[in-house]
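User: I'd like to go through the vocabulary for this one, term by term. Could you set each value against its definition and tell me what follows?

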Amino acid sequence: MNRAKEGKAINTYIENMFSPIINSHRLPQSVIIEGESEEKREECAKYLCAYAVCKSEKKPCLSCNACKKAFDDIHPDIIIPKPEGKTKIIPVKLLRDKYLPQAYLKPTEADIKIMIFNNADSILKDDTENTLLKIIEEPHSNLLFIFTCEKAHLLLQTIRSRSQIYKIPNENETSDISDTARNIAHGIVALYEDRLLVELSTLSQRDKFKSVMYDVSEILMKALSVSCGQKCDDETANELATKLTKLKLLALIDATKDAVEKCERNINLKLLSTYVCTQYRRISWQR
Ligand SMILES: [Zn+2]
């Protein structure tokens, strides 16, 4: 339960990152997850695994047995090679003798086998990567490779060119949150609803609507982390954190996610904007 709850709280930014995969329902053969924090990289890898093995209709549900096993590293179809003994690397022999035979077995619980190389930029050397490359190049349909690393450019170019690379946003980087998203965020806590309605009504294209909503959810996530005691130099996030409770912020994050889903279901954008405005105001001003 805890796990799923935790996952739910963190997954807005991860979900945004992987939305191309989730929206297209197509898993690539190989994924590279690049980011500074090892913890975040693993969380992202687990989320993607959960998506790949989840048994629910809306994947990843983060609460079915398959999802839980993915998050607890005990799913039988997820292989996580680790260096053995004193070496801090995975030699080709270890890969060939121990891990590849497992990868070639039929999946037992999921429809897919997954191999995760955590810290790939340090545990893999060129010869091991070249061995993996040959497998990635084979037209398998049910083997997914996930490489997590601090610096993707340390992996072979040939691996990179055959992988989809996802970069975890760095909290310290100057964010490029759009002004519209900031205005919407201010509108949520403003005294009158005019501003919010006006800003929302400028979103007349679906792509624009979605990208602004992603930015709004980023601001809300930041505000939530400020509420939880983290420091953040985003003024909008700080303002929201002083005006809204954690519960309200969580409800607003959910409402934003819901808006993106509705947008994808081709709901009329004008109606959707009005709906979102009502939802935001209801959450923000309810007692
Ligand atoms: Zn699930």
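Analyst: Gladly, and contact is a good place to begin: two residues are in contact when heavy atoms lie within 4.5 Å. The model is a predicted one, in which local features need pLDDT of at least 70, side-chain atom pairs count only at pLDDT 80 or more, and totals for chains, interfaces and linings use all residues. Residues are numbered from 1 along each chain as its sequence is written, and side-chain values use heavy atoms, with hydrogens and water left out.

User: Which residues does Thr128 touch, leaving out those up to four places away in sequence?

Analyst: They are Ile90, Pro91, Val92 and Leu95. Thr128 itself sits in helix α6, residues 126-137; helices here are DSSP runs of H or I with at least four residues, strands are runs of E with at least two, and both are numbered from the N terminus.

User: Why is Thr128 called buried?

Analyst: Buried means under 20% relative accessible area, exposed means over 50%, and partly exposed lies in between, using a 1.4 Å probe and protein chains only. Thr128 has 1% relative accessibility, so it counts as buried.

User: What makes Cys54, Cys61, Cys64 and Cys67 donors of the zinc ion?

Analyst: A donor is an N, O or S atom within 2.8 Å of the metal (3.2 Å for Na, K and Ca); water is not among the atoms, so sites may look incomplete. The SG atoms of these four cysteines lie 2.3 Å from the zinc ion, so they qualify as donors. Their spacing in sequence is C-x6-C-x2-C-x2-C, and both Cys64 and Cys67 are buried.

User: And why is that zinc site called tetrahedral?

Analyst: Four donors count as tetrahedral if all angles lie between 85 and 135 degrees; four are square planar and six octahedral if opposite donors are over 155 degrees apart and all others between 65 and 115, and anything else is irregular. The angles among the four donor atoms are 103 to 118 degrees, so the site is tetrahedral.

User: What is notable about the backbone in the loop between α2 and α3?

Analyst: That loop, between α2 (38-53) and α3 (65-71), holds Pro60, and the peptide bond from Lys59 to Pro60 is cis, with omega near -15 degrees. Leu62 is in this loop too; its phi is positive, about 65 degrees, although it is not a glycine. Leu62 has a relative accessible area of 8%, so it is buried.

User: How do you know that Ala190 is buried?

Analyst: Its relative accessibility is 17%, so Ala190 falls in the buried class. Ala190 lies in the loop between α8 (179-189) and α9. Beyond its neighbours within four places in sequence, it contacts Arg281 and Trp285. Ala190 and Trp285 are 95 residues apart in sequence, while their C-alpha atoms are 9.8 Å apart in space.

User: What makes α8 mostly covered?

Analyst: Eight of its 11 residues are buried, among them Ile184, Ala185 and Ile188. What covers the buried residues of α8 includes α9 and α13.

User: How do α9 and α13 pack?

Analyst: Helix α9 (residues 194-201) and helix α13 (residues 269-285) meet at an angle of about 145 degrees, with axes 9 Å apart. Axes are lines fitted to C-alpha atoms, for helices over the stretch in contact, and angles run from 0 to 180 degrees between N-to-C directions. From α9, Leu196, Leu197, Leu200 and Ser201 take part, meeting residues of α13 including Val276, Tyr280 and Arg281.
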